[in-house]
Amino acid sequence: EQGVAIITAIAIDARGEAYGVSPPSIYYSQAALYRVQLESGRLNRVGDLPALPVLFVSLAFDSQGRLWGAGYGPFTQQKQRLYRIDLQTFELHPGFSFWEEAPAAVAIAFGPAPDVSEYCEAKTNSEDCKPTIAWK
């Protein structure tokens with residue numbers, strides 16, 4: 001490929017495949033998603049992302065294999081937002097917005113969901129409440 005991609009965020013899925021995202025540049029008019037070969041550092045462009053003024057600063061895969069990105073509009077004063085990135089269509093599905101004062105380097109990560117083995121009785125205080133949590 002011609003040009004140089006500046007990767008602003010990378011995520012690795014459960015199979016060990018790495019993906020990176022780059023903003024629009026002088027070489028490419030749209031942001032793009034790349035597969036990153038971790039052994040060589042080689043980038044394979046897999047698709048263009050919609051023409052939104054979003055700079056992704058963090059990527060992460062959830063437990064269902066969906067790719068999420070945290071990004072903001074550096075030139076539009078758009079606040080940080082979480083997006084789900086469809087790996088088949090490259091569409092961005094907006095999630096929630098971060099608070100106004102969020103720094104530009106918000107990071108996202110997903111962890112395993114714990115099994116809660118005991119809940120406390122609903123009441124107005126936590127007296128005698130000792131829930132236990134067991135990791136899968």
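**Exercise 1. Is Arg-15 buried or exposed?**

Before we start: this is a predicted model, where local features need pLDDT of at least 70, side-chain atom pairs count only at pLDDT 80 or more, and totals for chains, interfaces and linings use all residues. Residues are numbered from 1 along each chain as its sequence is written, and side-chain values use heavy atoms, with hydrogens and water left out.

Step 1. Get the cut-offs straight: buried means under 20% relative accessible area, exposed over 50%, and partly exposed in between (1.4 Å probe, protein chains only).

Step 2. Arg-15 has a relative accessible area of 62%, so call Arg-15 exposed.

**Exercise 2. Work out how Glu-17 is paired up.**

Step 1. A salt bridge here is a side-chain nitrogen of Lys or Arg within 4 Å of a carboxyl oxygen of Asp or Glu. That rule gives five salt bridges.

Step 2. Glu-17 pairs with Arg-15, with 3.8 Å between the closest N and O atoms. Glu-17 also pairs with Arg-35, and there the closest N and O atoms are 3.2 Å apart.

Step 3. Now place the second pair: Arg-35 sits in strand β3 (residues 32–36) and Glu-17 in the loop between β1 (9–12) and β2 (18–22), so this pair ties together parts that are 18 residues apart in sequence. Strands are DSSP runs (E, at least two residues), numbered from the N terminus.

Step 4. Check accessibility. Glu-17 comes out at 27%, partly exposed, and Arg-35 at 33%, also partly exposed.

**Exercise 3. Describe the Asp-48 and Arg-45 pair, then find the salt-bridge network.**

Step 1. Asp-48 and Arg-45 form a salt bridge at 2.5 Å, N to O.

Step 2. Both ends are partly exposed: Asp-48 at 36% and Arg-45 at 23%.

Step 3. As for the network, shared partners link Asp-13, Arg-15, Glu-17 and Arg-35 into one.

**Exercise 4. What does the side chain of Ser-58 reach at 2.9 Å?**

Step 1. Find Ser-58 in strand β5 (residues 55–61). With 7% relative accessibility, Ser-58 counts as buried.

Step 2. List its surroundings, where contact means heavy atoms within 4.5 Å. Skipping neighbours within four places in sequence, Ser-58 touches Ala-9, Trp-68, Gly-69, Ala-70, Val-106, Ala-107 and Ile-108.

Step 3. Pick out the 2.9 Å partner: the Ser-58 side chain reaches the backbone nitrogen of Ile-108.

Note on methods:
Helices (H or I, at least four residues) and strands (E, at least two) are DSSP runs, numbered from the N terminus. A polar contact is a pair of N or O atoms within 3.5 Å; within protein, one must be able to donate a hydrogen and the other to accept it, and residues adjacent in sequence count only if both atoms are side-chain atoms.
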